[in-house]
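Got your viewer open? Let's take a walk through this structure together, one selection after another.

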Amino acid sequence: MGEEKMMTANSEAAAPAAVELPGFVMSAEEAELAAAAAGVDTVEDLLPLLIPSAMRLARPPISRFPVGAVGLGESGRVYVGVNLEFLGMPLSQSVHAEQFLITNAAAAGERALRAIAVSHMPCGHCRQFLQEIRGAAGIRILVTSDADAADGRAPEWRALASLLPRPFGPHDLLPKDAPLVLEPHDNPLGDPVDAVANGFAAGDLEARLKEAAEAAARAAHAPYSGCPSGFAVADGEGKVYAGGCLESAAYNPTLGPVQTAIIAMVAAGGGPTGDVVAAALVEKDGAVTAQEATARIFLAGVAPQATFHVYKYRSSDV
């Protein structure tokens with residue numbers, strides 16, 4: 001018995017310690033240095049050691065259940081994702097950690113994800129959302145909460161395909177060469193034909209918000225509705241954060257542009273959503289999946305003081 005206890009204690013002492021994250025993205029060089037400092041062989045081995053730090057970045061005021069996810073891109077960069085919940089909003093507006101991670105990677109121009117460590121087993125919603133990545137079946141997944149404290153067994157890596165063996169996804173609805181979520185998009189919007197505002201941001205902020213929202217709409221992943229949209233927010237310091245919609249073949253796991261803009265704000269170290277002082281939405285005129293109503297509800301609930309400008313775009317050949 002004493003020998004068994006000593007072996008367990010020694011094993012625990014030898015286990016690599018958790019590693020603190022410097023932010024929501026680590027460069028390839030930072031990741032390599034962190035892996036070496038932690039005494040692990042590869043950056044992939046580093047990912048689970050970053051999970052405790054990622055969980056502390058989560059913002060779940062409703063469930064109080066923090067979730068952290070950390071992914072390795074083919075570039076060697078490491079991306080962080082956390083769950084976000086918004087007081088006063090429907091639960092459907094919440095952001096899952098895996099969704100945050102993918103949005104974060106897409107914003108950084110990452111083209112593929114090799115591996116993801118996550119604190120808790122991905123829900124069906126996230127398993128589906130991950131299908132928007134080309135080659136999703138081969139992404140390696142490790143769930144740190146799978147560790148067995150009783151026998152010291154470490155969690156194991158598994159392919160995403162084992163978690164969703166017969167997926168419905170982009171291959172069911174799109175041509176094979178259609179760009180997927182981590183691939184470049186350049187959506188045609190046309191020209192602005194209408195604008196509605198409840199006030200105007202000071203100085204050049206309104207122009208910067210419109211520019212950021214338009215760029216996000218052009219980069220959005222909206223192949224199923226054909227309605228790309230972009231949303232931009234500004235805080236009291238005049239910093240602008242933007243995101244475009246990221247659709248899912250299954251529709252419901254889709255992230256709207258409001259959510260992706262807030263992800264951008266959090267990932268950049270921004271404050272709470274209540275700090276938003278101005279916002280802008282760019283979307284197509286007459287869009288079959290419109291974002292304006294959702295954006296108004298969100299702002300009314302979390303940042304009622306914010307000015308809001310909606311820009312509608314229409315193709316010249318319509």
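How many of the eight residues of strand β11 (residues 307-314) are buried? Select the strand and have a look: seven of them are, so β11 counts as mostly covered, since buried here means under 20% relative accessible area. Keep in mind that you're looking at a predicted model.

Now add strand β10 (residues 276-284) to your selection. β10 and β11 pair in the parallel sense, over seven bridges. To line them up by eye, find Ala279, which stands opposite Phe308 in β11. Then show helix α9 (residues 292-302): the chain runs from β10 through α9 to β11, and this β-α-β crossover is right-handed.

**Stop two: a six-stranded sheet**

Next, select the six strands that form an open sheet, in the order β1-β3-β2-β4-β5-β6, with mixed pairing. Which strands stand at the edges? They are β1 (25-26) and β6 (158-159); each has a single partner strand, so one side of each is left without a neighbour in the sheet.

Zoom in on β4 (residues 113-118). Five of its six residues are buried, so this strand is mostly covered too, by the same cut-off of under 20%. On one hand, β4 pairs with β2 (residues 68-73) in the antiparallel sense over five bridges, and there you can spot Gly71 opposite Ile116 of β4. On the other hand, β4 pairs with β5 (residues 140-143) in the parallel sense over four bridges; here Ala117 stands opposite Leu142 in β5. Add helix α5 (residues 124-129) and you'll have a right-handed β-α-β unit made of β4, α5 and β5.

Slide over to β3 (residues 78-82). It pairs with β2 in the antiparallel sense, over five bridges. Ala69 is the residue to click on, as it stands opposite Gly81 in β3.

**Stop three: helices on the sheet**

Keep the sheet on screen and bring in two helices. Helix α4 packs on the sheet, touching β1, β2, β3 and β4, and its direction makes about 140° with that of β3. Helix α3 (residues 43-55) lies across β1, β2, β3, β4 and β5, running at about 150° to β2.

**Stop four: helices that cross**

Stay with α3 and add helix α2 (residues 28-38). Their axes come within 9 Å and cross at roughly 75°, and α2 and α3 are therefore roughly perpendicular to each other. Show the side chains where they meet: Ala31, Glu32, Ala34, Ala35 and Ala38 in α2, against Val43, Leu46 and Leu49 in α3. By class, that contact has seven nonpolar residues, one charged and no polar ones.

Now go back to α4 (residues 97-107) and pair it up with α8 (residues 257-267). The axes of α4 and α8 come within 10 Å and cross at roughly 80°, which makes α4 roughly perpendicular to α8. Phe100, Thr103 and Asn104 of α4 make the contact with Thr260, Ile263, Val266 and Ala267 of α8. This contact has four nonpolar, three polar and no charged residues.

**Last stop: one serine**

Finally, select Ser248, in the loop between β9 (240-244) and α8. Is Ser248 buried or exposed? Buried: its relative accessible area is 1%. Leaving aside neighbours within four places in sequence, Ser248 is in contact with Gln128, Phe129, Glu132, Tyr224, Pro253 and Thr254. Light those up and you'll see its surroundings.

Notes:
Residues numbered from 1 in each chain as written. Predicted model: local features only at pLDDT ≥ 70, side-chain atom pairs only at ≥ 80, totals over all residues. Heavy atoms only, no water. Axes fitted to C-alpha atoms, helices over the stretch in contact; angles between N-to-C directions. Parallel < 35°, antiparallel > 145°, perpendicular 65-115°, else oblique. Contact = heavy atoms within 4.5 Å. Nonpolar A, V, L, I, M, F, W, Y, C, P; charged D, E, K, R; others polar. Buried < 20%, exposed > 50% of the residue type's maximum accessible area, 1.4 Å probe, protein only. Pairing = 2+ DSSP bridges. Right-handed = clockwise from strand over helix to strand, strands pointing away.
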